[in-house]
Amino acid sequence: MSQSVLEISELQLHFFTDKGVVKAIDGVDITVNEGEIVGLVGESGCGKSVTSLAVMGLVPNPPGKIVGGTIRFAGQDITHWTNKQMRKIRGKDISMIFQEPMTSLNPLFTIGDQMVEAIRIHKKCSKKEAQAMSLSMLEKVGIKRKGILDLYPHQLSGGMRQRVMIAMAMVLNPRLLIADEPTTALDVTIQAQILDLMRSLNKEYGTSILLITHDLGVVAEMCDRVIVMYAGQVVEEADCCHLFKNPTHPYTQGLLKSIPKLDGNEKRLYSIPGQVPHPLRMPQGCRFAPRCEYVMDHCWSQKPELLETEKGHLSRCWLHQAKEGSGNNGETNATNATVESS
Amino acid sequence: MFAYTVRRLLMLIPVLIGMSIITFAVVHLIPGDPAQTIAGEKATPQRVEEIRKELGLDQPLYKQYLDYVKGLLQGDLGKSLITKRPISEEIGPFLAATAELVLTSMLIAVFFGVNLGIISAWRQNSWFDYTSMVIALIGISIPVFWLGLMEQWLFAQTLDWLPSNGRMDPRIQMVPITHFYVIDTLIYGDTEVLWDVVKHLILPAVALATVPMAIIARITRSSMLEVMRSDYIRTARAKGLSEFWVVYKHTLKNAAIPVLTVIGLQLGLLLGGAVLTETIFSWPGIGRYLYTAISERDYTVVQSGILVVATMFVLINLLVDLIYAWIDPRIQYGRK
Ligand SMILES: Nc1ncnc2c1ncn2[C@@H]1O[C@H](COP(=O)(O)OP(=O)(O)OP(=O)(O)O)[C@@H](O)[C@H]1O
Ligand code: SF4
Ligand SMILES: [Mg+2]
């Protein structure tokens, strides 16, 4: 237990809007251990960003409010920490990089200004020292350009800016780096470079990384463990290779099937039928029921829980939960499903 | 920055030429014989000829214009037809009076407007936000002359706290140096007179400041709100920066550009709008100088007065542009 850097359990975060309560996070369990890279995947709108912002304490409140569950960081319960308490760890112990490298740096301040600021918020040192630290970190992320500290963000390319963001996030050697789709906005070669960079920083500093993405290819390449989210809930969790070989949740199976394959046998791209449920009109029972090919009667009315199917493999599906009367039927279906998709 | 400044200064030249042509035309567009019109119906023919000579109206048009521009370049704004004194000498004190009034109101408008806007945005949808935006709406809707008269009635007549007319107590004798009375009294080190001058400034400056303050508050608020939603503000928070610095450093600098535009525009408008306020508060400014000139048909004064005011307008715009470039590095590189 002591090795876990981040431990989110049964988190519930709702947005109280004029139109009603949006249950954006409704049962999220995530554990990130020391030095681990954990992938968090799921369709757009399933609550990946909100989850990560909740860890940072950056969900706008109002309308967002944590209504249940806990977030523990390095053993401390930070769920209800004030903004003032959170500020002490933000950027120092937990850092975050975002999807939009083009707009995530302030256009009116130089790279140097912004990096030095990030350092001097938390560390008592002179501007000179902070600049030296910035330069060596920038070099680590592969920026060796002369005078980089005096440049403005608009003078750099998207990939460069994301490197700067990473350097800024890593400069104080945080224990946890949350990367919210860090490569989505970049083209493929740059994407690979950035991922390489993150992996080597993980190796060198032992920084734990929570990598948010909707790209299973990225997960396969980078992560030790994968957590799959659907409509505000974690629906499956497993070791990376295990999950790819043996997905148990019908949603995960669908996700894996929808990865384009290069062998040319597949006539057209598979996509999971139907749509993500409207945040204000979530299904009563299993949230995936309207789109699930194995849906059973009680799926509609009863919420499945996230339970272990084998050691280290969790799934939120009635197919794998001994539910008296229907369990057998479910198990067979699940086996079939697994066979079909692999 | 230097190259940008030079470029921006060069761009002034055609503007200034255009303005000189327009003001030149003011006198020459008077219908019929300008000399006759200027001299008046009952003037003798000799007097009309005198005026024609005096104004150079007997010369060909292009020559008249060139002489006019040559004069301008040497700082010669012509002579008043009535007082016969050089306008460049006469206009100074009036200009200073207006500038002092306008700058004071702008200072009030910017200080209160910007801070109201920031706090409203920061505490969006709070009672503070609602109250200040209602006040801003009222501020925009109130006619300045009505506000001026109400101020006089309340603070001067009824409560007798502040004087309602002029720039200082007429019994005070002071030889003005810069004609900015606040500065002059400071130079003389006379705090008692300074206080009197400040008291005279308050009512007209507040009346004049209301509208720009309200507009600046609203623009600041909406601009701040927009910037606060942006990704780099989220980054600043993610670094662990305190809310104060997030707002006053990262947000304000980005929100400043539209606010500056409005401040520049309002400063120009105040210059024109001061005429009404000057009349209500008997403020001896450029408005009154021009008003008198028009009623006395002092065309050369009207001509030069307009040119001076227009030039100030252009210079204010130049200043605003240079401040933009200073704030936003993207402008200097030709990218907006
Ligand atoms: N300020 C807010 N007010 C109301 N609802 C919100 C707010 N912010 C987010 N949500 C809701 O939270 C849900 C999850 O959004 P989130 O941004 O976490 O999705 P995501 O998984 O990161 O998607 P993407 O892949 O597109 O980034 C959305 O359905 C959205 O409706
Ligand atoms: S619980 Fe039922 S509906 Fe939900 S994923 Fe499992 S089988 Fe499908
Ligand atoms: Mg997201």
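**Exercise 1. Determine which residue A:Glu236 stands opposite in E12(A), and place that pair in its sheet.**

*Solution.* A:Glu236 stands opposite A:Ser315 in E12(A), where strands are DSSP runs of type E with at least two residues and helices are runs of H or I with at least four, numbered from the N terminus. E10(A) and strand E12 (residues 313-315) of chain A run antiparallel and are joined by two bridges; two strands count as paired if DSSP finds at least two bridges between them. This is a predicted model, in which local features need pLDDT of at least 70 and side-chain atom pairs count only at pLDDT 80 or more, while totals for chains, interfaces and linings use all residues. Residues are numbered from 1 along each chain as its sequence is written, chains are lettered from A and ligands numbered from 1 in the order in which they are written, and side-chain values use heavy atoms, with hydrogens and water left out.

The next step is the whole sheet: eight strands of chain A form an open sheet of mixed pairing, in the order E6-E7-E8-E3-E9-E10-E12-E11. Its edges are strand E6 (94-97) and strand E11 (307-310) of chain A, each of which pairs on one side only.

**Exercise 2. Describe how E9(A) pairs with E3(A) and with E10(A), and how E9(A) is covered.**

*Solution.* Begin with strand E3 (residues 37-41) of chain A, which runs parallel to E9(A) and is joined to it by four bridges; here A:Leu40 has A:Ile227 as its bridge partner. Towards E10(A), the pairing of E9(A) is antiparallel and extends over six bridges, with A:Tyr230 opposite A:Gln233 in E10(A).

Then consider the faces. In a regular strand the side chains alternate between the two faces of the sheet. On one side of E9(A) lie A:Arg225, A:Ile227 and A:Met229, on the other A:Val226, A:Val228 and A:Tyr230, and all are buried, a term that means under 20% relative accessible area, with exposed meaning over 50% and partly exposed in between (1.4 Å probe, protein chains only). Helix H9 (residues 250-257) of chain A lies across E9 and E10 of chain A and runs at about 105 degrees to E9(A).

**Exercise 3. Where does A:Ala231 lie, and is A:Glu10 buried or exposed?**

*Solution.* Most residues other than glycine have a negative phi. A:Ala231 nevertheless has a positive phi of about 45 degrees, and its place is the loop between strand E9 (225-230) and strand E10 (233-239) of chain A. These two strands form a hairpin with two residues between them. A:Ala231 is buried, its relative accessible area being 4%.

A:Glu10 also has a positive phi, near 45 degrees, but this residue lies in strand E1 (residues 4-17) of chain A. A:Glu10 counts as exposed because its relative accessibility is 58%.

**Exercise 4. Classify the packing of H12(B) against H14(B).**

*Solution.* Helix H12 (residues 243-280) and helix H14 (residues 299-327) of chain B pack at about 175 degrees with axes 9 Å apart, and the two helices are therefore roughly antiparallel. The residues in contact include B:Leu260 and B:Gly264 of H12(B) and B:Phe313 and B:Ile316 of H14(B).

Finally, turn to the record: among the residues that the unreviewed UniProt entry lists under "transmembrane region" are 259-281 and 301-327 of chain B. Over residues 259-281 the chain is 96% helix and 0% strand, with end C-alpha atoms 29 Å apart.

Conventions: Axes are lines fitted to C-alpha atoms, for helices over the stretch in contact, and angles run from 0 to 180 degrees between N-to-C directions. Angles under 35 degrees count as roughly parallel, over 145 as roughly antiparallel, 65 to 115 as roughly perpendicular and the rest as oblique. Contact means heavy atoms within 4.5 Å. UniProt positions are given in the numbering used here, feature names are shortened, and annotations may be inferred rather than shown by experiment.
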